[in-house]
Amino acid sequence: EYLTDMRIRKAIDLLTYTTDSVTDICMSSGFGYITYFNRVFKKRTGVSPRQYRNLLANMEIKNQS
């Protein structure tokens with residue numbers, strides 16, 4: 001449980017501050033399989049990794065207006 005939380009936090013940082021692909025972030029965060037990463041990420045955050053990144057991008061656009 002603790003290790004999974006740490007991996008998700010790392011993935012969130014990478015999604016927020018890099019343009020790396022979701023697959024690369026999955027591997028960099030210590031997850032071995034993209035499907036498992038997507039499932040766990042969505043369970044913990046309520047959105048998929050791609051949706052998370054899109055939400056961040058939309059927030060940046062709104063803040064610039």
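Colleague: Which phi does G46 take, just after α3?

Modeller: G46 takes a positive phi of about 90°, and it sits just after α3. Please keep in mind that this is a predicted model.

Colleague: What about α3 itself, what should its twelve residues span, and how far apart are its end C-alpha atoms?

Modeller: At 1.5 Å a residue the expected span for α3 is 16 Å, and its end C-alpha atoms are 16 Å apart, which agrees.

Colleague: Which residues of α3 are buried, and where do they fall when seen down the axis?

Modeller: F37, V40 and F41 are buried in α3, and seen down the helix axis the buried residues fall within an arc of 100°, so they line one face of the helix. That fits the general geometry, because an α-helix has 3.6 residues a turn, so residues three or four places apart point the same way.

Colleague: And which residues are on the other side of α3?

Modeller: T35, R39 and K43 are there, and they are exposed. As for the buried residues of α3, what covers them includes α1, α2 and α4.

Colleague: Let me step back to the whole chain. How many helices and strands are there?

Modeller: The protein chain has four helices and zero strands, so read from the N terminus on, its elements run α-α-α-α.

Colleague: How does its radius of gyration compare with that of a compact globule?

Modeller: A compact globule with 65 residues would have a radius of gyration near 11 Å, and the protein chain has 12 Å, which agrees. Along the principal axes, the C-alpha atoms fill a box of roughly 40 × 20 × 20 Å, and 28% of the 65 residues count as buried.

Colleague: Which residues have the most contacts inside the largest nonpolar core?

Modeller: That core has 14 residues, and those with the most contacts inside it are L15, I25, F31, F37, F41 and Y52. Two or more residues come from each of α1 (2-17), α2 (22-28), α3 (34-45) and α4 (49-64), with α1 giving the most, namely four residues.

Colleague: What is F31 in contact with, leaving aside its neighbours within four places in sequence?

Modeller: F31 is in contact with T4, R7, I8, C26, Y36, F37 and V40.

Colleague: Back to α1, then. Which of its residues are buried?

Modeller: T4, I8, A11, L14 and L15 are buried in α1, and they cover an arc of only 125° around the axis, which puts them on the same side of the helix. On the other side of α1, Y2 and Y17 are exposed, whereas what covers the buried residues of α1 includes α2, α3 and α4.

Colleague: Now S29, in the loop between α2 and α3: buried or exposed?

Modeller: S29 is buried, because its relative accessible area is 4%, and the cut-off for buried is under 20%. Not counting residues up to four places away in sequence, S29 touches R7, K10, A11 and L14, and a polar atom of the S29 side chain lies 3.5 Å from the backbone nitrogen of A11.

Colleague: Last one, R50 in α4: does that count as buried, or as exposed?

Modeller: R50 counts as exposed, at 56% relative accessibility. The C-alpha atoms of R50 and V22 are separated by 7.0 Å, although these two residues are 28 residues apart along the chain.

How values were computed
Residues numbered from 1 in each chain as written. Predicted model: local features only at pLDDT ≥ 70, side-chain atom pairs only at ≥ 80, totals over all residues. Heavy atoms only, no water. Core = buried A, V, L, I, M, F, W, Y, C linked by side-chain atoms within 4.5 Å. Buried < 20%, exposed > 50% of the residue type's maximum accessible area, 1.4 Å probe, protein only. Contact = heavy atoms within 4.5 Å. Polar contact = N/O pair within 3.5 Å; in protein donor to acceptor, adjacent residues only side chain to side chain. Expected span 1.5 Å × (residues − 1). Arc of directions from axis to C-beta. Rg over C-alpha atoms; globule rule 2.2 N^0.38 Å.
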